[in-house]
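Please open the structure in your viewer and keep the selection tool at hand, since each stop on this tour asks you to pick out a few residues and look at what is there.

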Amino acid sequence: MSVDAATVRRIAHLARIAVAEDEVPHLQGELNAMLAFVEQLSEVNVEGVEPMTSVTPMQMKKRPDVVNDGEIADDIVANAPATEGHFFLVPKVVE
């Protein structure tokens with residue numbers, strides 16, 4: 001795949017980047033080099049290669065999945081006008 005000068009201008013316009021006319025040939029070369037590298041990467045055989053999250057094998061640290069109330073229920077309902085057993089009391093709105 002090759003990028004021409006018109007495509008460079010269009011990419012610059014879409015990216016909202018001001019590009020002077022004398023910079024277009026340089027950017028064209030840069031974009032063509034990037035695309036050539038990506039094409040080169042697509043030729044690599046990756047059959048049977050597992051995805052990695054790190055270059056060294058490691059397990060992610062996990063905290064225990066324990067349900068709790070945060071132990072601050074009294075602080076949460078402290079400013080409520082009416083409470084009952086760590087619950088907010090609200091006026092009935094449906095009859």
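In which helix is Leu 31 found? Select Leu 31 and follow the backbone around it, and you will see that Leu 31 is found in helix 2. Before going further, please keep in mind that this is a predicted model.

**First stop: Leu 31 and its surroundings**

With Leu 31 still selected, show its surface: Leu 31 is partly exposed, with a relative accessible area of 23%, and the term applies because buried is kept for values under 20% and exposed for values over 50%. Next, add Val 3 to the selection and draw a line between the two C-alpha atoms, which are 6.9 Å apart in space although the two residues are 28 residues apart in sequence.

**Second stop: the largest pocket**

Leu 31 also belongs to the lining of the largest pocket, together with Val 8, Ile 11, Ala 12, Ala 15, Ile 17, Val 19, Leu 27, Glu 30 and Met 34. Select these residues as a group and look at the space that they line, which comes to about 150 Å³. If you colour the group by chemical character, you will find nine nonpolar residues, no polar ones and one charged residue. Now colour by helix instead: helix 1 (5-14) and helix 2 (24-42) each supply at least two residues of this lining, and helix 2 gives the most, with four residues.

**Third stop: a salt bridge**

How many salt bridges does a search of the whole structure find? The search finds one, and to see it you should select Arg 9 and Glu 21, whose closest N and O atoms are 3.0 Å apart. The pair links distant parts of the chain, for Arg 9 is in helix 1 while Glu 21 is in the loop between helix 1 and helix 2, and the two are 12 residues apart. Side chains of opposite charge can pair when their charged atoms come close. Arg 9 itself is partly exposed, with a relative accessible area of 38%.

**Fourth stop: two backbone angles**

Stay in the loop between helix 1 and helix 2 and select Arg 16, which lies there. Its phi is positive, about 60 degrees, although Arg 16 is not a glycine. On the surface view, Arg 16 is exposed, with a relative accessible area of 68%.

Then move along the chain to His 86, whose place is in the segment after helix 3 (73-76). Phi of His 86 is near 65 degrees, again a positive value in a residue other than glycine, and His 86 is partly exposed, with a relative accessible area of 45%.

**Fifth stop: a nonpolar patch**

Return to the surface view and select Phe 37, Val 38, Leu 41, Val 44, Val 46 and Val 49, which make a nonpolar surface patch of about 580 Å². One of them, Val 46, lies in the loop between helix 2 and helix 3, and Val 46 is exposed, with a relative accessible area of 55%.

**Last stop: helix 3**

Finally, select Asp 75, which is found in helix 3 and is exposed, with a relative accessible area of 58%. Add Phe 87 and draw a line from C-alpha to C-alpha: Asp 75 and Phe 87 are 12 Å apart in space and 12 residues apart in sequence.

Conventions
Residues are numbered from 1 along each chain as its sequence is written. This is a predicted model: local features need pLDDT of at least 70, side-chain atom pairs count only at pLDDT 80 or more; totals for chains, interfaces and linings use all residues. Side-chain values use heavy atoms; hydrogens and water are left out. On a 1 Å grid over the protein atoms alone, a cavity is a set of points where a 1.4 Å probe fits but cannot get out, and a pocket is an open set with protein on both sides within 12 Å along at least five of seven lines; lining residues have an atom within 4 Å of a point. Grid points are joined across faces, edges and corners, and a volume is the space filled by probe spheres set on the points. Ala, Val, Leu, Ile, Met, Phe, Trp, Tyr, Cys and Pro count as nonpolar, Asp, Glu, Lys and Arg as charged, and the others, Gly among them, as polar. Buried means under 20% relative accessible area, exposed over 50%, partly exposed in between (1.4 Å probe, protein chains only). A salt bridge is a side-chain nitrogen of Lys or Arg within 4 Å of a carboxyl oxygen of Asp or Glu. Patches are made of residues with over 30% relative accessible area and no salt bridge: like charges are joined within 9 Å, nonpolar side chains (Val, Leu, Ile, Met, Phe, Trp, Tyr) within 5 Å. Accessible areas come from the Shrake-Rupley method with a 1.4 Å probe; for residues, only the protein chains shown count as cover.
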